[in-house]
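Here are a few notes to read alongside the model. Have a look at it first, then go through the points in order.

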Amino acid sequence: MPARRFWGLIVLSVTTVFSVIGYYLNDHSPSGPWGLAGLTCGLITVIAIHRLQKK
């Protein structure tokens, strides 16, 4: 499974994008819920990719 080595990068990039969006929407201060949402979406994306590659 060649995409396995990129899973961490996918999670990191999705989490970073959500964190940046939350930072700007929260008047330039860190937003924990947006970071957690990004982490969750990144993990769901990786799980979906993993399951699709099994088929």
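What share of the 55 residues in the protein is buried?

1. Buried residues account for 18% of the 55 in this protein. Bear in mind that this is a predicted model. As for the surface, about 4,200 Å² is accessible, and 70% of that belongs to carbon and sulfur atoms.

2. On overall shape: the C-alpha atoms fill a box of roughly 45 × 15 × 10 Å along the principal axes. The radius of gyration is 13 Å, where a compact globule of 55 residues would have one near 10 Å.

3. The fold is quick to describe, with 2 helices and 0 strands. Helix α1 covers residues 7–25, and helix α2 covers residues 32–54.

4. Now for how the helices sit together. Two packed helices are described by the angle between their axes and the distance between the axes. Here α1 and α2 pack at about 150°, with axes 7 Å apart. The cut-off for roughly antiparallel is over 145 degrees, so α1 and α2 count as roughly antiparallel to each other. Their crossing is right-handed.

5. Plenty to look at where they meet: the α1 side includes W7, V14, F18 and L25, and the α2 side includes W34, C41, V46 and H50. Of contacts between residues at least 6 apart in sequence, 53% join residues at least 24 apart.

6. For one residue to zoom in on, try T15, which lies in α1. T15 counts as buried because its relative accessibility is 18%, and the cut-off is under 20%. Beyond its neighbours within four places in sequence, T15 contacts G35, G38 and L39.

Terms used
Residues are numbered from 1 along each chain as its sequence is written. This is a predicted model: local features need pLDDT of at least 70, side-chain atom pairs count only at pLDDT 80 or more; totals for chains, interfaces and linings use all residues. Side-chain values use heavy atoms; hydrogens and water are left out. Helices (H or I, at least four residues) and strands (E, at least two) are DSSP runs, numbered from the N terminus. The radius of gyration is taken over C-alpha atoms; the globule rule is 2.2 Å times the number of residues to the power 0.38. Buried means under 20% relative accessible area, exposed over 50%, partly exposed in between (1.4 Å probe, protein chains only). Contact means heavy atoms within 4.5 Å. Accessible areas come from the Shrake-Rupley method with a 1.4 Å probe; for residues, only the protein chains shown count as cover. Axes are lines fitted to C-alpha atoms, for helices over the stretch in contact, and angles run from 0 to 180 degrees between N-to-C directions. Angles under 35 degrees count as roughly parallel, over 145 as roughly antiparallel, 65 to 115 as roughly perpendicular and the rest as oblique. A crossing is left-handed if the near helix is turned anticlockwise from the far one by less than a right angle, and right-handed if clockwise.
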